[in-house]
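Student: I should like to work through this protein by question and answer. Please set out the reasoning behind each value.

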Amino acid sequence: SEGIAEGATEATRRLLLLQGRRRFGEPTPETEAAVRAIADRGRLERMAERIFDATGWDDLLATA
């Protein structure tokens with residue numbers, strides 16, 4: 001069960017980075033590391049919901 005949850009979280013991170021690159025351009029290495037460090041799948045999902053409203057990577061990362 002824990003492995004499945006971690007796999008789903010990783011898939012959400014990958015999708016968020018893919019969508020973010022399309023919307024905002026290539027993230028800095030620091031920004032990409034910050035996204036990859038997020039372990040809260042709920043937060044990642046909230047970020048994915050905001051992808052079209054956020055003004056850039058920093059704004060997106062400010063999603064709580």
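Student: In which element is Gly 20 found?

Tutor: Helices here are DSSP runs of H or I with at least four residues, strands are runs of E with at least two, and both are numbered from the N terminus. The model is predicted: local features need pLDDT of at least 70, side-chain atom pairs count only at pLDDT 80 or more, and totals for chains, interfaces and linings use all residues. Residues are numbered from 1 along each chain as its sequence is written, and side-chain values use heavy atoms, with hydrogens and water left out. On this basis, Gly 20 is found in helix 1.

Student: Is Gly 20 buried or exposed?

Tutor: A residue is buried under 20% relative accessible area, exposed over 50% and partly exposed in between, with a 1.4 Å probe and protein chains only. Gly 20 has a relative accessibility of 0%, so the residue counts as buried.

Student: Which residues is Gly 20 in contact with, leaving aside its neighbours within four places in sequence?

Tutor: Contact means heavy atoms within 4.5 Å. Gly 20 and Trp 57 are 37 residues apart along the chain, yet their C-alpha atoms are separated by 7.3 Å. Gly 25, which follows helix 1, has a positive phi near 95 degrees. With neighbours within four places left aside, the contacts of Gly 20 are Gly 25, Ile 51 and Trp 57.

Student: How many helices does the protein have?

Tutor: From the N terminus on, the elements run α-α-α-α. Strands number zero, and the count of helices is four.

Student: What is the radius of gyration of the protein?

Tutor: The radius of gyration is taken over C-alpha atoms, and the globule rule is 2.2 Å times the number of residues to the power 0.38. Along the principal axes, the C-alpha trace spans about 35 × 20 × 20 Å. The rule gives 11 Å for 64 residues and the protein is close to this, so it is as compact as a globular protein of that length, with a radius of gyration of 11 Å.

Student: How far apart are the end C-alpha atoms of helix 1?

Tutor: The expected span of a helix is 1.5 Å times one less than its number of residues. For the 23 residues of helix 1 this should be 33 Å, which agrees with the distance between the end C-alpha atoms, 32 Å.

Student: Which residues of helix 1 are buried?

Tutor: An α-helix has 3.6 residues a turn, so residues three or four places apart point the same way. The cover over the buried residues of helix 1 includes helix 2 (29-37), helix 3 and helix 4. The buried residues themselves are Thr 9, Thr 12, Arg 13, Leu 16, Leu 17 and Gly 20.

Student: Which backbone oxygen lies 3.2 Å from a polar atom of the side chain of Arg 13?

Tutor: Arg 13 counts as buried because its relative accessibility is 5%. Leaving aside neighbours within four places in sequence, Arg 13 is in contact with Glu 6, Val 35, Arg 36, Ile 38, Ala 39 and Leu 44. The oxygen at 3.2 Å from the side-chain polar atom is the backbone oxygen of Arg 36.

Student: Which helix gives the most to the largest nonpolar core?

Tutor: A nonpolar core is a set of buried Ala, Val, Leu, Ile, Met, Phe, Trp, Tyr and Cys residues joined through side-chain atoms within 4.5 Å. The largest has 11 residues, among them Leu 16, Leu 17, Val 35, Ile 38, Ile 51 and Trp 57. Two or more residues come from each of helix 1 (2-24), helix 3 (41-50) and helix 4 (57-61). The one that gives the most, with three residues, is helix 4.

Student: Is Leu 17 buried or exposed?

Tutor: Leu 17 is in contact with Glu 32, Val 35, Arg 36 and Trp 57, not counting neighbours within four places in sequence. Its relative accessible area is 1%, so Leu 17 is buried.

Student: Is Phe 52 buried or exposed?

Tutor: Phe 52 lies in the loop between helix 3 and helix 4. Its C-alpha is 9.2 Å from that of Gly 20, with their places 32 residues apart in sequence. The relative accessible area of Phe 52 is 65%, so this residue is exposed.

Definitions and conventions: A polar contact is a pair of N or O atoms within 3.5 Å; within protein, one must be able to donate a hydrogen and the other to accept it, and residues adjacent in sequence count only if both atoms are side-chain atoms.
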